[in-house]
Amino acid sequence: MQYHYETRGVCSRAIDINLDEATGIIRNVQFTGGCNGNTKGLSAMVVGQPAEEVIRRLKGIRCGMRPTSCPDQLAEALTEALEQI
């Protein structure tokens, strides 16, 4: 399943996720905008992982004084994607 998420409150503008509907395993993550190295690194680390585990680990991470971060936004995107399955 392909899922597109428009981020809120962070430098990146969107996240595109390819999620295996049968297993909930993340197949690919692509950020649009944001800190290039950080978003590429984050994407590489979550590929092959169960979406629910990634949500558990990333939800609530903040970026400086912001109430959210790119990892937190990925957790939000994955939560919404799982609701679509």
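**Warm-up: Ile85**

Ile85 sits in the segment that follows α3, where helices (H or I, at least four residues) and strands (E, at least two) are DSSP runs numbered from the N terminus. This is a predicted model, so local features need pLDDT of at least 70 and side-chain atom pairs count only at pLDDT 80 or more, while totals for chains, interfaces and linings use all residues. Residues are numbered from 1 along each chain as its sequence is written, and side-chain values use heavy atoms, with hydrogens and water left out.

Task: classify Ile85 by accessibility and list its contacts beyond four places in sequence.

Solution.
- Start with the cut-offs: buried is under 20% relative accessible area, exposed is over 50%, and partly exposed is in between (1.4 Å probe, protein chains only).
- Ile85 has 46% relative accessibility, so it counts as partly exposed.
- Now the contacts, meaning heavy atoms within 4.5 Å: leaving aside neighbours within four places, Ile85 touches Met1, Leu19 and Glu21.
- As an extra, take Tyr5, 80 residues away along the chain from Ile85: the two C-alpha atoms are 15 Å apart.

**Exercise 1: the two sides of α2**

Task: sort residues of α2 (51-58) into buried and exposed, and find what covers the buried ones.

Solution.
- The buried set is Ala51, Val54, Ile55 and Leu58.
- Looking down the axis of α2, these buried residues fall within an arc of 100°, so they line one face of the helix; the arc is that of the directions from the helix axis to the C-beta atoms.
- The face turned away from that buried side carries exposed Glu52, Arg56 and Arg57.
- The cover over the buried residues of α2 includes β2 (12-19), β3 (26-33), α1 (36-46) and α3 (70-84).
- After α2 comes Gly60, with a positive phi near 95°.

**Exercise 2: repeat for α1, then zoom in on Ser43**

Task: do the same sorting for α1, then look at the surroundings of Ser43.

Solution.
- Thr39, Leu42, Ser43 and Val46 are the buried residues of α1.
- Down the axis of α1, its buried residues also stay within an arc of 100°, so they line one face.
- Gly37, Lys40, Ala44 and Met45 are exposed on the other side of α1.
- Packing against the buried residues of α1 are β3, α2 and α3.
- Ser43 has a relative accessible area of 8%, so it is buried. Not counting residues up to four places away, Ser43 touches Val29, Gln30 and Phe31.
- Gly48, just after α1, takes a positive phi of about 90°.

**Exercise 3: α3 and its helix partners**

Task: describe how α3 packs with α1 and with α2.

Solution.
- Two packed helices are described by the angle between their axes and the distance between the axes. Axes are lines fitted to C-alpha atoms, for helices over the stretch in contact, and angles run from 0 to 180 degrees between N-to-C directions.
- For α1 with α3, the angle is about 45° and the axes lie 11 Å apart.
- α1 and α3 are therefore oblique to each other, given that angles under 35 degrees are roughly parallel, over 145 roughly antiparallel, 65 to 115 roughly perpendicular, and the rest oblique.
- In this pair, Thr39, Leu42 and Val46 of α1 meet Cys70, Pro71 and Leu74 of α3.
- For α2 with α3, the angle is about 145° and the axes are 9 Å apart.
- Here Ala51, Glu52, Val54, Ile55 and Leu58 of α2 meet Pro71, Asp72, Leu74, Ala75, Leu78, Thr79 and Leu82 of α3.
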